[in-house]
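This report describes the architecture, the nonpolar core and selected polar interactions of one protein chain. The sequence and the model are shown first.

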Amino acid sequence: MTMQNPTRDTTAPAGSDLRCRILAIAERLFRDMGYRKTTVADIASVLRMSPGNVYRFFPSKKALNEAVADRLLGDIEAELERIVAQADLPAAERLRAFVAAIHRMSEQQFTANRRMHEMVEVAMAESWEVIHRHIEAVDRLLCRLVAEGAESGEFAVENPMVAARCVHAAMVRFCHPALIAQCADEAGPTLEQMTAFLLAGLRAR
């Protein structure tokens, strides 16, 4: 809905298009300048508008930061959903792709760029609701995948959600941005070894 405001920039696009532009610029500045150094005024300046226009869509900087995190995590969830939806593939094959994708995308989105990693660390510390929603979304997708594997006879599990959460917990070193960075040079199983271990635990005997 277009809001009537006499101070509004007449050249600014309305509604969802402007919201998406704000998020895109915020993400770019987080990557280039750093999460903490970026201000709402910086974002507004790039968009050639007043900070008040940014606050029309995001009532606080925290809300804007959460929206950026939500967008990036949503990209990961969309790829995981695509993998799970490939019902013509065996569940084990999809699980391998699932684990590889969440590791690859978490590393690319958050760990490879130190400034974006800073954003995630703050998100974790503040227990943003978006982080909890992402964890729940991954659990649901894993549960669906494990349940389909049980139905096809590939997996032997009594409770798909419990099994899914166990898989998620075992994967945390490979999908938690902080742990990906901290454990990069530590001894431990490789991603492939961990995936093989998980599949061995799930498979029907």
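## Overall architecture

The chain contains 10 helices and 0 strands. The model is a predicted one. Read from the N terminus, the order of elements is α-α-α-α-α-α-α-α-α-α.

The chain has 205 residues, of which 43% count as buried. When contacts between residues at least 6 apart in sequence are considered, 68% join residues at least 24 apart. The exposed surface of the chain comes to about 11000 Å², and carbon and sulfur atoms supply 53% of that area.

## The nonpolar core

The largest nonpolar core comprises 61 residues. Within it, the residues with the most contacts are Ile-22, Phe-98, Met-119 and Met-171. Helix α4, which spans residues 61–84, gives the most to this core, with 10 residues.

Met-171 illustrates how the core is connected across the sequence. Neighbours within four places in sequence aside, Met-171 is in contact with Phe-98, Val-99, Ile-102, Leu-142 and Leu-198. One of these partners, Phe-98, is itself among the residues with the most contacts inside the core.

## Helix α8

Helix α8 covers residues 160–175. At its start, a side-chain oxygen of Asn-159 comes to within 3.1 Å of the backbone nitrogen of Met-161. Further along, α8 has a kink of about 30°, centred on Ala-169.

The buried residues of α8 are Ala-163, Ala-164, Val-167, His-168, Met-171, Phe-174 and Cys-175. Met-171 therefore appears both in this buried set and among the core residues with the most contacts, a core being built from buried residues by definition.

## Salt bridges around Glu-27

The count of salt bridges comes to 9. Two of them involve Glu-27, a residue that counts as buried at 14% relative accessibility. In one, the side chains of Arg-31 and Glu-27 meet at 3.1 Å, N to O. These two residues are 4 apart in helix α1 (residues 15–33), which means that about one helical turn separates them.

In the other, Arg-71 pairs with Glu-27, with the closest N and O atoms 3.0 Å apart. Because Arg-71 lies in helix α4 and Glu-27 in helix α1, this pair ties together parts that are 44 residues apart in sequence. Arg-71, at 31% relative accessibility, counts as partly exposed.

## Further salt bridges

Asp-139 and Arg-165 also form a salt bridge through their side chains, at 3.7 Å from N to O. Asp-139 belongs to helix α7 (residues 129–152) and Arg-165 to helix α8, so the pair ties together parts that are 26 residues apart in sequence. Asp-139 counts as buried, with 10% relative accessibility.

A network of salt bridges with shared partners joins Glu-81, Arg-94, Arg-144 and Glu-148.

## A buried threonine in a loop

Thr-38 is placed in the loop between α1 and α2, the latter being residues 40–46. At 0% relative accessibility, Thr-38 counts as buried. The side chain of Thr-38 reaches the backbone oxygen of Leu-29 at 3.4 Å.

What surrounds Thr-38, leaving aside its neighbours within four places in sequence? Its contacts are Leu-29, Phe-30, Met-33, Ile-43 and Lys-61. Leu-29 is thus a partner of Thr-38 in this list of contacts and also supplies the backbone oxygen that the Thr-38 side chain reaches.

Conventions: Residues numbered from 1 in each chain as written. Predicted model: local features only at pLDDT ≥ 70, side-chain atom pairs only at ≥ 80, totals over all residues. Heavy atoms only, no water. Core = buried A, V, L, I, M, F, W, Y, C linked by side-chain atoms within 4.5 Å. Buried < 20%, exposed > 50% of the residue type's maximum accessible area, 1.4 Å probe, protein only. Contact = heavy atoms within 4.5 Å. Salt bridge = Lys/Arg side-chain N within 4 Å of Asp/Glu carboxyl O. Polar contact = N/O pair within 3.5 Å; in protein donor to acceptor, adjacent residues only side chain to side chain. Bend = angle between axes of the 7 residues up to and from the residue. Areas by Shrake-Rupley, 256 points an atom, 1.4 Å probe, with all protein chains shown as cover.
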